[in-house]
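I opened the model and kept short notes. I went from the whole chain to single residues.

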Amino acid sequence: MPVSARCRSPPGLLLNSILGIKPTSIPFNGTGPALTALISGQVDFMCDQIVNVVQQLQAGQIRAYAIGTAERNPALPNVPTSKEAGLPEFQAQAWNALFAPKGTPQPILDKLTDALDKALDDEQTRKRLLELGSVLPDKTGRGQQALAALVKSEIDRWTPVIKAAGPLN
């Protein structure tokens, strides 16, 4: 039975389900310790987002079998997509967002949205995020309404995967 690091995440649960495996899952306090365990051979595999591991992949410290996106990532052009690797149903892409407490006045939300838009349009910021393997949304994929739609679709998508995996024991 393989030993995995951090595969209780929804993408890890989906991968385990597709592969029909139930690895011994080792919990870690973050990617850093899990990645150290992977590099040192203490665990057999892990599922994580590209920005957390791109430097170790580029340095040859670990190997990626596939990325769970529809297209190859420019930061790792030699890593196949999950479809190319024979797992077309494994589609999982990390995303990040800015959230504010419920009841935050709309003018403040608008100011935060504008600031984030400016940052994502800044050429140096874009360059660095792309080097790390980030996929940046176009203008239509940004903003409060786009985020609300994304959150809803992600909850709808991942809830059955999490429920099917059962309890953590």
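**Fold.** From the N terminus on, I read the elements of the protein chain as β-α-β-α-β-α-α-α-α. That is six helices and three strands. I took helices (H or I, at least four residues) and strands (E, at least two) as DSSP runs, numbered from the N terminus.

**Ground rules.** This is a predicted model; local features need pLDDT of at least 70, side-chain atom pairs count only at pLDDT 80 or more, and totals for chains, interfaces and linings use all residues. Residues are numbered from 1 along each chain as its sequence is written, and side-chain values use heavy atoms, with hydrogens and water left out.

**Whole chain.** I looked up the box of the C-alpha atoms: roughly 55 × 35 × 30 Å along the principal axes. The accessible surface comes to about 11,100 Å². Carbon and sulfur atoms hold 57% of that surface. The areas come from the Shrake-Rupley method with a 1.4 Å probe; for residues, only the protein chains shown count as cover. Of the 169 residues, 28% are buried. Buried means under 20% relative accessible area, exposed over 50%, and partly exposed in between (1.4 Å probe, protein chains only).

I then checked contacts (heavy atoms within 4.5 Å). Among those with a separation of 6 or more, 49% join residues 24 or more positions apart.

**Helix α2.** Which residues of helix α2 (residues 31–39) are buried? I found Thr31, Ala34, Leu35, Ala37 and Leu38. They cover an arc of only 160° around the axis, which puts them on the same side of α2. The arc is that of the directions from the helix axis to the C-beta atoms. An α-helix has 3.6 residues a turn, so residues three or four places apart point the same way.

I took a closer look at Thr31, which sits in α2. Its relative accessible area is 13%, so Thr31 counts as buried. The Thr31 side chain still makes a polar contact with the side chain of Asn52, at 3.2 Å. A polar contact is a pair of N or O atoms within 3.5 Å; within protein, one must be able to donate a hydrogen and the other to accept it, and residues adjacent in sequence count only if both atoms are side-chain atoms.

**After α2.** Gly41 comes just after α2 with a positive phi of about 85°. Gln42 lies in the loop between α2 and β3 (45–46). Is Gln42 buried or exposed? Exposed, at 59% relative accessible area. Gln42 nevertheless touches Val3 and Ala37, leaving aside residues up to four places away in sequence. The side chains of Gln42 and Ser40 are joined by a polar contact of 3.3 Å. From Gln42 to Ser4 I read 9.1 Å, C-alpha to C-alpha, across 38 residues of sequence.

**Helix α3.** The buried residues of α3 (residues 50–58) are Ile50, Val53, Val54, Gln56 and Leu57. Their cover includes α2 and α5. Gly60, just after α3, has a positive phi of about 80°.

**Helix α5.** At the start of α5 (residues 123–131), a side-chain oxygen of Asp122 comes within 3.3 Å of the backbone nitrogen of Gln124. Gly133 follows α5, with a positive phi near 95°.

**Arg8.** Last entry: Arg8, in the loop between β1 (3–5) and α1 (10–19). Arg8 is partly exposed, at 31% relative accessibility. The C-alpha atoms of Arg8 and Ser153 are 20 Å apart, with their positions 145 residues apart along the chain.
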